[in-house]
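Please walk through the following model with its annotated domain, a pair of helices and the surroundings of a ligand in view.

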Amino acid sequence: MSGGKSFGERPEQPVALVTGASGGLGQALAVELDALGCRVAVHYNSSEAAARAVQDKLHNDSVVVTGDVGDYAAVTALYQEVSEKLGPVDVLVNNGAIRKDALMAMQAPEDWAQVIQTNLVGSFHTARAAVPHMLRRRWGRVVNIVSPSGLIATAGQTAYSASKAGLIGFTRTLAAECGRRGVTVNALSPGFMITGMTVDLPDRVKEGMEGKAPIPRFVTVEEVARSMRLFLEQDCMTGQVISIDSGVSIT
Ligand SMILES: NC(=O)c1ccc[n+]([C@@H]2O[C@H](COP(=O)([O-])OP(=O)(O)OC[C@H]3O[C@@H](n4cnc5c(N)ncnc54)[C@H](OP(=O)(O)O)[C@@H]3O)[C@@H](O)[C@H]2O)c1
């Protein structure tokens, strides 16, 4: 059976929305997608200056948008703005996320809920806004940024881990729903990177993480961002978790 008829062509200059493009990895993802010919919507939540600095590095048409991904009304508004200024989104990268670590027995319920709302529900919100167009277009890419914490245990991270493990399940199931219409949905799992999310961790924790990995060094945001080419080019890779994590997820 051939599903080829259901597939559209990759747009010449796809519109890519990168959530949290003001952050460490998001900046590199936006720059890489621009280099791959995309017109990028650079999203931020609170760091407007950082987002504008990212936009300054891009060569193709781009737009800066804001909104809390945990708030569906905010997501529909920012999606509308991207659609009007660049066109509907062909490539969605769910990268924006937070981490609030604490041992579960001592964690405030509102902190736990906020991590799930931002990292997991937020990814549903953006996908809910963008995927209908991709299905109509019969071409689209959803890339969800997950974490080794969604695959292996790290004490103190029940909320973050549950959000990322949930996002892996979301990735696989959405991939099953969208494959016949030429839309792939994959997850990218970076190893430990020095970004705003991790810079404040104590040195002993960072050194412990670096030493634990089979390849005992941190991953750079550029190394992770380079995998965007694979996601854009591959029509038959869907529902996968690609780990660029120095091997930490096999330990
Ligand atoms: N750093 C690591 O070692 C590591 C390892 C594995 C996976 N990851 C994943 O990589 C991704 C990027 O993280 P990072 O390391 O680059 O951290 P980061 O520098 O802290 O960036 C996080 C980004 O998320 C955005 N954000 C925060 N709250 C948001 C909200 N409510 N709505 C929308 N966006 C929001 C932030 O926007 P503003 O700054 O504008 O508020 C920022 O751009 C995350 O999904 C993270 O879980 C990181």
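Which element gives the largest share of the shell around the ligand? That share, 3 residues, comes from α1, where helices are DSSP runs (H or I, at least four residues) and strands likewise (E, at least two), numbered from the N terminus. The model is predicted, with local features needing pLDDT of at least 70 and side-chain atom pairs counting only at pLDDT 80 or more, while totals for chains, interfaces and linings use all residues. Residues are numbered from 1 along each chain as its sequence is written.

Among the 29 residues around the ligand (C-beta atom, placed from the backbone, within 6 Å of it), those that come nearest are G20, G23, G96, T195 and G196. The elements giving two or more residues to this shell are α1 (24-35) and α4. By class, the shell divides into 10 nonpolar, 18 polar and 1 charged, with Ala, Val, Leu, Ile, Met, Phe, Trp, Tyr, Cys and Pro counted as nonpolar, Asp, Glu, Lys and Arg as charged, and the others, Gly among them, as polar.

Helix α4 (residues 109-137) also packs with helix α5 (residues 158-178), at an angle of about 15° and with axes 9 Å apart; the axes are lines fitted to C-alpha atoms over the stretch in contact, and angles run from 0 to 180 degrees between N-to-C directions. The two helices are therefore roughly parallel to each other, a term for angles under 35 degrees. The residues of their contact divide into 15 nonpolar, 4 polar and 2 charged.

Definitions and conventions
Angles under 35 degrees count as roughly parallel, over 145 as roughly antiparallel, 65 to 115 as roughly perpendicular and the rest as oblique.
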